Amino acid sequence: MLGPLALAHGPDSVVLPPSRVASMLAALLLRPNEIVPVPALQEAIWGDDQPAAAKSALQTCAMRLRQLFVRHAIIASAIETVPGGYRFCATEETLDLVRFREMASAAQAEPQSDRQLVLLEGALALWRGPLLANVPSASLHRDAVPRLNEERLRVLERLCELKIQLGLAPSALVQLWEATRAYPGNERLAELLIEALYRTGRQPEALAEHRRVKRFLAEELGVDLGPRLRRLELSILNGEERGDLDKTVGADAAPADRSPRVDSPQGFVGRAGIVDSVSAYLRDGAGVVVLTGLPGVGKTALARRVAGGMDDEFPAGQLLVPMRGADATPLDAARLADRLARWPRGATTRRGLLILDDVDDVPQVLAGAHLWAPGDAVLLTSQFSLAGVVARFGGRIERVGGLSPAESVALLATLIGGERADAEPAAVAALAELCGHLPLALRVAAARLMTRDTGIAEFVAWVRENPISRLTLPGDPDMALHGRLETAVNRLPPPLADAVLRLHELDRLDPRTVAERLAITPDAAEAILDQLADASLLDAYAGQYRMRDLLRLYSRGALDGRRPTGVTTTLRPPERSSDEERV
């Protein structure tokens with residue numbers, strides 16, 4: 001799909017004609033392995049011109065899409081019908097978008113520069129022309145295509161920057177000429193082109209390009225050059241050598257001129273696709289972004305990585321506010337207001353990035369929403385999906401799962417050392433699998449491994465005997481898998497917490513089976529399953545639900561020391577004050 005939408009088998013490919021079926025397929029492919037809701041698909045296919053029987057028409061499109069797959073020998077079950085929408089199951093072998101993101105992520109984790117170049121070049125080679133040129137969906141071209149193009153630009157920037165650093169500036173010139181003409185106001189691309197020209201001995205052309213971008217920004221956008229471009233021009237005029245140029249261009253602004261920033265986490269590995277996608281969305285300022293997932297999956301690190309990659313893009317700076325106090329109680333509106341009041345942002349008309357970390361529930365966000373400055377980009381992290389916030393303010397929900405197997409192995413190699421990891425690759429892969437590809441568990445395992453004089457395979461066998469208790473760092477409650485899972489369960493109302501402890505025995509989690517296990521009605525069972533999925537304790541797919549192995553082990557152990565108090569068939573929301581109801 002990285003070009004005109006097409007079906008391919010080896011060297012043979014068929015470009016799809018413009019149609020509603022093509023629009024539906026594109027909408028599914030843009031969110032691989034995710035549930036795409038029915039309203040989003042209807043918007044992609046018909047826009048504002050919805051048919052009277054839109055639901056029935058969508059089912060017809062899905063049927064024709066499956067027939068198209070059968071005609072071209074593609075397994076029809078690749079498109080799943082799930083509660084509330086459809087899902088396309090894809091891998092890097094079946095969808096070029098997934099392959100692109102995997103290669104970009106692998107490049108970010110790769111320590112060897114020559115290998116990074118190969119991966120980045122390979123990722124960009126997957127793009128075959130204008131994105132979805134044969135898909136007649138105005139909404140996809142308006143909302144989705146720009147975000148994907150932004151992902152491509154980020155990879156291109158990384159590639160050209162790496163070539164310049166390695167003394168390969170001439171090989172980056174063609175790509176940079178094309179990119180700067182396609183995006184004449186992109187200062188980062190212009191900066192890379194100017195630097196590449198200067199490093200290849202073409203100082204007059206470098207200065208001419210600097211004048212071009214300066215003129216464009218002033219005449220078309222009414223803004224001045226950024227500080228990096230101004231410093232770059234001065235460096236060229238002074239005839240600075242390469243090493244001095246690196247120091248000058250890469251230097252930060254003076255502390256007095258610098259707005260507050262959120263530091264990117266050390267040792268962050270992978271997730272390039274979601275980082276680029278969320279960053280592009282926050283730049284557009286289209287609404288709130290929620291990063292939701294199980295505790296320990298790395299939501300906070302991901303939010304910090306997003307912020308770190310947008311260091312100069314928010315004039316008012318960035319602020320991360322933990323939404324729980326030191327005593328672990330949720331932050332109320334008064335304490336949130338106090339923390340925001342201490343944000344040295346200057347005029348509230350300047351746009352900033354606000355990260356609310358570990359949000360407790362929707363009412364907590366609504367109680368403090370009036371404190372945001374107009375136009376701020378807002379990023380929330382939470383165990384819960386906070387769909388009510390997105391419904392009110394617009395935006396998107398990003399479910400954060402475990403790392404990919406390749407990312408997990410790369411993280412372990414970074415932590416324990418590449419030489420040690422390379423000596424036992426099968427054991428490293430087994431350890432990543434045992435940790436459920438959760439960043440917290442991987443970091444704990446690596447730390448424990450470094451304190452033990454043993455082989456990785458022996459360590460894996462030891463951890464496998466009791467993963468929940470042994471993926472814990474003694475004396476550090478924050479680095480304890482058991483504690484994180486217990487916190488996640490204890491945040492639930494008692495009926496839901498008890499359900500988690502009871503359901504670990506079931507291999508099949510669907511409303512009917514769960515209803516029999518809990519002695520409740522299927523409707524009540526479905527409500528429980530939906531709420532547990534919303535709390536990131538179950539994965540939902542194809543009308544069924546799955547409990548992760550580590551949570552299953554935790555639930556089995558917790559049940560031994562705690563008898564459930566009973567599961568009620570009526571799940572009521574918590575009591576709210578009249579002020580909250582008015583909000």
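# Reading the core and sheet of a predicted model

Author: This is a predicted model. Its largest nonpolar core has 105 residues, and Leu380 and Leu532 touch the most other members. Helix α20 (residues 439–450) contributes the most to this core, with 7 residues. Apart from it lies another core, of 80 residues, including Val21 and Ala169.

Reader: What is the general idea behind looking for such a core?

Author: In soluble globular proteins, nonpolar side chains tend to be buried together. Take leucine 380 here: leaving aside neighbours within four places in sequence, leucine 380 is in contact with Val288, Val289, Val290, Leu291, Leu356, Val359, Val365, Leu386 and Val389.

Reader: Which strand holds leucine 380, and is that strand covered or not?

Author: Leu380 belongs to β9, a mostly covered strand with 6 of its 6 residues buried. Ala377, Leu379 and Thr381 point one way from β9, while Val378, Leu380 and Ser382 point the other way.

Reader: In what order do the strands of the sheet stand?

Author: The sheet is open, has 5 strands with parallel pairing, and follows the order β7-β8-β9-β6-β10. β7 (318–322) and β10 (395–399) are at the edges with a single partner strand each, so one side of each has no neighbour in the sheet. From one strand to the next, the twist averages 15 degrees.

Reader: How many bridges join β9 to β6, and how many pair β9 with β8?

Author: Strand β6 (residues 288–292) runs parallel to β9 (residues 377–382) and is joined to β9 by 4 bridges. Valine 289 stands opposite leucine 379, and threonine 292 has serine 382 as its bridge partner. β8 and β9 pair in the parallel sense over 5 bridges, with leucine 380 as the bridge partner of leucine 356. Between β8 and β9 the chain passes through helix α15 (residues 362–368), and this β-α-β crossover is right-handed.

Reader: Which helix packs on the sheet?

Author: Helix α13 (residues 299–308) does, touching β6, β7, β8 (353–359) and β9; the direction of α13 makes about 160 degrees with that of β9.

Reader: How should I read buried and exposed positions along a helix?

Author: An α-helix has 3.6 residues a turn, so residues three or four places apart point the same way. In helix α19 (residues 425–434), the buried residues are Ala427, Val428, Leu431, Ala432 and Leu434. Seen down the axis of α19, these fall within an arc of 160 degrees, so they line one face of the helix. On the other side of α19, Pro425, Ala426 and Glu433 are exposed.

Reader: What phi does glycine 436 take, just after α19?

Author: Glycine 436 takes a positive phi of about 65 degrees.

Notes: Residues are numbered from 1 along each chain as its sequence is written. This is a predicted model: local features need pLDDT of at least 70, side-chain atom pairs count only at pLDDT 80 or more; totals for chains, interfaces and linings use all residues. Side-chain values use heavy atoms; hydrogens and water are left out. A nonpolar core is a set of buried Ala, Val, Leu, Ile, Met, Phe, Trp, Tyr and Cys residues joined through side-chain atoms within 4.5 Å. Buried means under 20% relative accessible area, exposed over 50%, partly exposed in between (1.4 Å probe, protein chains only). Helices (H or I, at least four residues) and strands (E, at least two) are DSSP runs, numbered from the N terminus. Contact means heavy atoms within 4.5 Å. Two strands pair if DSSP finds at least two bridges between them. Axes are lines fitted to C-alpha atoms, for helices over the stretch in contact, and angles run from 0 to 180 degrees between N-to-C directions. The arc is that of the directions from the helix axis to the C-beta atoms. A crossover is right-handed if, with the strands pointing away from the viewer, the path from the first strand over the helix to the second runs clockwise.
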